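Open the model in a viewer and keep the sequence panel visible. The stops below can be selected one after another.

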Amino acid sequence: MLVSLLVNSTVLLLLGAVFYAAPSPRLSPHAVPFGVRVPPGRAEAPEVHRERRRYRALLLPATAALTALSLGLGALTDSALVGSVTALVLCGVAAVLWLRAHQALTRAKEEGGWYEELRQGVAMDTSLRTDPVRMPWLWVVPSLLVLAVSATAGAFAYPELPDTLWLPERSPSGTEYRALATTFWSASAWSSSSSRSPSPWSARSPRCCGPVPTWTPPGPAPARPSTAAGSP
């Protein structure tokens with residue numbers, strides 16, 4: 001539960017911090033506040049500062065409310081999925097506030113005639129067409145080496161895997177294990193899930209860090225062979 005709460009709160013707080021800092025001139029073009037192109041002399045106009053303050057004043061309580069909601073729902077469900085859903089809601093709220101500021105600045109620019117006494121021009125850089133950038137193939141070599149080493153390690157480890165793999169699944173009642181026949185895809189899924197939670201390799205493998213699930217065949221248990229009297 002503690003891990004889910006930390007993940008949910010961290011995701012929302014980091015996302016809220018990014019949205020809070022997005023309108024600043026360090027993260028967005030100085031002459032394009034909220035996606036509205038303005039003259040350089042109007043980049044610090046009172047209208048621009050007012051929309052920034054209004055955007056952040058509404059974003060902060062929305063982030064705090066969604067973080068509290070995510071913590072409450074995460075404590076009830078013990079799932080990090082709650083943080084993903086509330087993060088999407090926060091993205092929607094930030095988009096609505098951004099669009100509102102964009103429309104307000106557009107109206108202020110049109111009503112104030114910010115471009116009426118300015119001469120506008122367009123410049124184009126055609127060097128990318130006349131002298132295109134060559135593909136840096138050497139940068140691909142490290143990625144290919146990682147893929148080759150991973151494939152080689154998997155090829156050597158695959159024959160040692162048991163016939164049955166147990167994959168962990170989260171459920172409201174706790175972690176449950178599902179038996180799958182050992183294939184390339186099930187082994188890939190097991191390797192990704194084993195990095196998140198301990199799971200046994202198979203019912204007959206002692207290499208595990210938690211309770212090993214067992215399988216009992218249906219029907220009566222077979223009778224144990226009796227030993228003759230006097231036999232060692």
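Start with Phe34, which sits in the loop between H1 and H2. The model is a predicted one, and the backbone at this position deserves a look. Most residues other than glycine have a negative phi. Phe34 is not a glycine, yet its phi is positive, about 55°. Is Phe34 buried or exposed? Its relative accessibility is 2%, so Phe34 counts as buried.

Keep Phe34 selected and add Arg100. The two residues are 66 positions apart along the chain, and their C-alpha atoms are separated by 9.3 Å. Arg100 belongs to helix H3. With a relative accessibility of 39%, Arg100 counts as partly exposed, because that value falls between the 20% and 50% cut-offs. Now show what Arg100 touches: leaving aside neighbours within four places in sequence, Arg100 is in contact with Arg54 and Leu58.

Next, zoom out and colour by secondary structure. The protein chain has six helices and two strands. Read along the sequence, they follow the pattern α-α-α-α-α-β-β-α. The chain has 232 residues, and 25% of them count as buried. Taking the contacts with a separation of 6 or more, 62% are between residues 24 or more positions apart.

Now select the largest nonpolar core. How many residues does the largest nonpolar core have? It has 18 residues, and those with the most contacts inside it are Phe19, Tyr55, Leu59 and Leu90. Three elements give two or more residues each to this core: helix H1 (2-21), helix H2 (46-77) and helix H3 (81-112). Of these, H3 gives the most, with seven residues. As background, nonpolar side chains in soluble globular proteins tend to be buried together.

Within the core, centre the view on Leu90. Not counting residues up to four places away in sequence, Leu90 touches Leu12, Leu15, Gly16, Phe19, Leu59, Thr63 and Leu66. Phe19 and Leu59 in that list are also among the core residues with the most contacts.

Move to Thr86, which is also placed in helix H3. Its relative accessibility is 5%, under the 20% cut-off, so Thr86 counts as buried. Beyond its neighbours within four places in sequence, Thr86 is in contact with Leu12, Leu66 and Ser70. Leu12 and Leu66 appear in the contacts of Leu90 as well.

Stay on helix H3 and select Leu88. Is Leu88 buried or exposed? At 63% relative accessibility, Leu88 counts as exposed, because the value is over 50%. Measure from Leu88 to Leu15 in the viewer: the pair is 73 residues apart in sequence and 10.0 Å apart in space, C-alpha to C-alpha. Leu15 is one of the residues touched by Leu90.

Now show H2 and H3 together. Two packed helices are described by the angle between their axes and the distance between the axes. H2 and H3 pack at an angle of about 170°, and their axes are 9 Å apart. Because of that angle, H2 is roughly antiparallel to H3. The crossing of the two helices is right-handed. Colour the residues of this contact by type: 18 are nonpolar, six are polar and four are charged.

End on Arg53, in helix H2. At 55% relative accessibility, Arg53 counts as exposed, because that is over the 50% cut-off. Add Pro23 to the selection. Arg53 and Pro23 are 30 residues apart along the chain, with their C-alpha atoms separated by 9.8 Å.

Methods:
Residues numbered from 1 in each chain as written. Predicted model: local features only at pLDDT ≥ 70, side-chain atom pairs only at ≥ 80, totals over all residues. Heavy atoms only, no water. Core = buried A, V, L, I, M, F, W, Y, C linked by side-chain atoms within 4.5 Å. Buried < 20%, exposed > 50% of the residue type's maximum accessible area, 1.4 Å probe, protein only. Helix = DSSP H or I, 4+ residues; strand = E, 2+ residues; numbered from the N terminus. Contact = heavy atoms within 4.5 Å. Axes fitted to C-alpha atoms, helices over the stretch in contact; angles between N-to-C directions. Parallel < 35°, antiparallel > 145°, perpendicular 65-115°, else oblique. Left-handed = near helix turned anticlockwise from the far one by under 90°. Nonpolar A, V, L, I, M, F, W, Y, C, P; charged D, E, K, R; others polar.
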